[in-house]
Amino acid sequence: MGTDPPGPGPNHASTKQGDIGVNERIVRPRQGRMIAGVAAGIAKRYGWDPTLVRLAFVLSILLPGPQVIFYLVAWLVIPTEPAPELPPHYQGPPVPPPGDTPPPSAG
């Protein structure tokens, strides 16, 4: 009577990979940018086609309003996507020991 079973309710945000959660932030991607990644970040966040978001930005410039200022502010405010983390044991490319390198050629 009045008690719901435990588990996700109707307002639960999905956490499966590929699903967009309610609290997911907009970030500017490192790959797939045209200018600053604002349109690509908005498209990725809401699951839209980046080309359509870019087209909407370009067409909105024909209308009176502060669209360019909005884009510039979004460029400054929306963070860049974090770099992928390297495994903890990664220390860069291998470097040969000092004795294994040939001496410089006298030319």
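Modeller: Here pLDDT denotes the predictor's confidence in each residue, on a scale from 0 to 100. The model is predicted, so local features need pLDDT of at least 70 and side-chain atom pairs count only at pLDDT 80 or more, while totals for chains, interfaces and linings use all residues. Residues are numbered from 1 along each chain as its sequence is written, and side-chain values use heavy atoms, with hydrogens and water left out.

Colleague: In which helix is confidence highest?

Modeller: Helices are DSSP runs (H or I, at least four residues; strands are E, at least two), numbered from the N terminus. The protein averages a pLDDT of 76, with 65% of the residues scoring at least 70. Among the elements, confidence is lowest in α1 (residues 38-46), at a mean of 91, and highest, at 93, in helix α2 (residues 50-60).

Colleague: Over residues 7-17, how many contacts does the model have beyond four places in sequence?

Modeller: A contact means heavy atoms within 4.5 Å. The pLDDT stays under 50 over residues 7-17, and the contacts that the model has for them beyond four places in sequence number four.

Colleague: Which element gives the largest share of the largest nonpolar core?

Modeller: A nonpolar core is a set of buried Ala, Val, Leu, Ile, Met, Phe, Trp, Tyr and Cys residues joined through side-chain atoms within 4.5 Å, where buried means under 20% relative accessible area, exposed over 50% and partly exposed in between, with a 1.4 Å probe and protein chains only. The largest such core has 10 residues in all, namely A36, V38, A39, I42, A43, V53, F57, Y71, A74 and I78. Two or more residues come from each of α1, α2 and α3, and the largest share, four residues, comes from α1.

Colleague: Against which helices do the buried residues of α2 pack?

Modeller: In α2 the buried residues are V53, F57 and S60. They cover an arc of only 70 degrees around the axis (taken from the directions from the helix axis to the C-beta atoms), which puts them on the same side of α2. The face turned away from that buried side carries the exposed residues L52 and V58, whereas the buried residues pack against α1 and α3.

Colleague: How is the pairing of F57 with F70 classed?

Modeller: Rings of Phe, Tyr and Trp (its six-membered ring) pair if their centres lie within 6.5 Å, and planes under 30 degrees apart count as stacked, over 60 as edge-to-face and the rest as tilted. This rule gives four aromatic pairs. F57 lies in helix α2 and F70 in helix α3 (residues 67-77), so their pair ties together parts that are 13 residues apart in sequence. With 6.1 Å from centre to centre and 25 degrees between the planes, the F57 and F70 pair is stacked.

Colleague: Why is the pair of Y71 and W75 classed as it is?

Modeller: Y71 and W75 both lie in helix α3, four residues apart, about one turn of the helix. Y71 is buried, at a relative accessible area of 16%, and W75 is partly exposed, at 36%. Their ring centres are 6.5 Å apart and their planes stand at 75 degrees, so the pair is edge-to-face.

Colleague: Which residues does I42 touch, not counting those up to four places away in sequence?

Modeller: I42 is one of the residues of the largest nonpolar core, as are V53 and F57. Outside that span of sequence, the residues touched by I42 are I26, W48, V53 and F57.
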